Amino acid sequence: MHDFKYRDNELYCEGVRIEDLARKFSTPLYVYSSHTILDHFLKLKKAFATLKPLICFSVKSNSNLSVLRLLVKNGAGLDIVSGGELYRAKKVHAAPSRIVYASVGKSRQEIEESVKTGILFFNVESLQELSLISDVATALKKQARVCIRINPNIDPHTHRYITTGTVESKFGVDFDTARIIFLNRENFKNVQFLGLHVHIGSQITQVDPFLAALRRICRFIDELKRMGVCLEYLNIGGGLGIIYKEEKPQTAEEFAHRVVPVLKKTGLKIILEPGRFIVGNSGILVTQVRYIKETQAKRFIVVDAGMNDLVRPSLYGAYHEIQPLLKSVTCDKNILKKSDVVGPICESGDFLAKDRLIPWVDVGEYLAVMSAGAYGFSMSSNYNSRCRSAEVMVKGSKFYLIRERESFEDLVNKEKVTG
Ligand code: LLP
């Protein structure tokens, strides 16, 4: 599943002892395994081989340039959601013809830049956005290509903050609106309607919600055909779940086995937008224990990483396994005790684990917060004026600093003092 394994009780990433990285680069520190990233990408590619889909890695899940470059070099396209992500895509020389762009709030400037760049298509989320894309393309005397993002009203049974395909969510358009759009497609000058897009949510562990959504989409594709609308692409989004704790998510093969026959029938070119599946288990956050605090209620293990470094536990109540870099062999240390692993941020919501059974750890010891490769660094912030952490990429027995730790100067260098 991933390349973070113990050797003689010490945690390694591929061929590199992680404690060496922690000492060299200090903590908190994100460490990624390039082999795991590629392995997951290739697993998906292989599972879908008969369809030869374009796999557009979802940049929001991990937008480090080295991660993007690694995937692009190996044939991935990119799924972007902002002008900033387009900028990153260009920096890693992603072919514009392999970039797709979703987001409910694309600005005129972002649309202009994307049309000029010649991205493959926009995933359009509203009628107004479509009109704006049409205006921009006309003004630029260029063609804009679009897929209409359908909200199929399917509950993916995941956390409600990452559910995107039900009527309550802001994403996509319902079938009726999509029908109106296609009936009036001649009115949108300089817009080519290439296909449909659907993304119902993230960390979805069962295939059934995907299938339910796809069945509805396929019926709509047939209806469009009868209306004389011929499409070229079906973009099925991302959302594949991974193991954080005891989940039993579908594997790439199981997923493909069930959805490929449905997709084949459409005869359309298929696009996938995985993020978490590729990078989730490919990265960890290394942190050091600063204090141990016993109260009447429980034990607090105070570490140097906080919710500004990894917000998922605070924001979604997400579970991340926490393991010591050095596994203890003495029995007395292995007695488990209910603990909270907390950061230095001034909020009670700042925790990496709550009421977790954890063996004794000493001050100065290093811990690994597992499965932090997706929506980890990319959601980090400077809250409490904390410098964002460094990131390291491991390749075999080599490692590369792929983002320097921020400095105090970085924290203030855009600010001006007035008054
Ligand atoms: N495509 C679209 C249109 C998306 O909105 C997303 C994720 C993806 C693809 C990639 O989804 P994935 O394969 O990674 O599930 N911050 C949350 C997850 C937010 C997902 C947002 N959209 C978390 O930490 O769980």
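A crossing of two helices is right-handed if the near helix is turned clockwise from the far one by less than a right angle, and left-handed if anticlockwise. The exercises below use a predicted model.

**Exercise 1. Describe how helix α7 packs against helix α8.**

Solution.
- Locate the helices. α7 covers residues 175-183, and α8 covers residues 208-226.
- Take the geometry. The angle is about 25 degrees, and the axes are 12 Å apart.
- Classify the angle. Angles under 35 degrees count as roughly parallel. α7 and α8 are therefore roughly parallel to each other.
- Assign the hand. α7 passes α8 in a right-handed crossing.
- List the contacts. From α7 come Phe175, Ala178, Arg179 and Phe182. They meet Arg216, Ile217, Phe220, Glu223 and Leu224 in α8.
- Sort by class. This contact has six nonpolar residues, three charged ones and no polar ones.

**Exercise 2. Do the same for helices α2 and α9.**

Solution.
- α2 runs over residues 34-47, and α9 over residues 252-266.
- Their axes lie 9 Å apart, at an angle of about 25 degrees.
- The cut-off for roughly parallel is under 35 degrees. α2 and α9 are therefore roughly parallel to each other.
- Their crossing is right-handed.
- On the α2 side, Lys43, Leu44 and Ala47 make the contact. Their partners in α9 are Ala252, Glu253 and Ala256.
- By class, the contact of α2 with α9 holds four nonpolar and two charged residues, with no polar ones.

**Exercise 3. Decide whether the chain is as compact as a globular protein of 419 residues.**

Solution.
- Start with the inventory. The chain has 12 helices and 20 strands.
- Compare the radii. The radius of gyration is 23 Å, close to the 22 Å from the globule rule, so the chain is as compact as a globular protein of that length.
- Add the extents. The C-alpha trace spans about 75 × 60 × 45 Å along its principal axes.
- Add burial. Of the 419 residues, 55% are buried.
- Add contact range. Among contacts with a separation of 6 or more, 71% join residues 24 or more positions apart.

**Exercise 4. Work out the surroundings of Ile200.**

Solution.
- Place the residue. Ile200 sits in the loop between β10 (191-197) and α8.
- Check exposure. Buried means under 20% relative accessible area. Ile200 has 3%, so Ile200 is buried.
- Find its contacts beyond four places in sequence. They include Pro152, Ile154, Pro156, Pro209, Phe210 and Ala213. Thr163, Thr164 and Gly165 are also among them.
- Check a distant pair. Gly238 is 38 residues from Ile200 along the chain, with 8.3 Å between their C-alpha atoms.

**Exercise 5. Trace the contacts of Ser82.**

Solution.
- Ser82 lies in the loop between β6 (77-80) and α4 (83-91).
- Beyond its neighbours within four places, Ser82 contacts Tyr101 and Glu110.
- Glu110 is 28 residues away along the chain, yet the C-alpha atoms of Ser82 and Glu110 are separated by 6.8 Å.

**Exercise 6. Examine the backbone at Pro28, Glu14 and His93.**

Solution.
- Pro28: a cis peptide bond joins Thr27 to Pro28, with omega about -5 degrees. Pro28 is in the loop between α1 (18-25) and β4 (29-33).
- Glu14: phi is near 50 degrees, a positive value in a residue other than glycine. Its loop lies between β2 (10-13) and β3 (16-17). Relative accessible area is 16%, so Glu14 is buried.
- His93: phi is near 60 degrees, positive in a residue other than glycine. Its loop lies between α4 and β7 (99-101). Exposed means over 50%. At 63% relative accessibility, His93 is therefore exposed.

Notes:
Residues numbered from 1 in each chain as written. Predicted model: local features only at pLDDT ≥ 70, side-chain atom pairs only at ≥ 80, totals over all residues. Heavy atoms only, no water. Axes fitted to C-alpha atoms, helices over the stretch in contact; angles between N-to-C directions. Helix = DSSP H or I, 4+ residues; strand = E, 2+ residues; numbered from the N terminus. Parallel < 35°, antiparallel > 145°, perpendicular 65-115°, else oblique. Contact = heavy atoms within 4.5 Å. Nonpolar A, V, L, I, M, F, W, Y, C, P; charged D, E, K, R; others polar. Rg over C-alpha atoms; globule rule 2.2 N^0.38 Å. Buried < 20%, exposed > 50% of the residue type's maximum accessible area, 1.4 Å probe, protein only.
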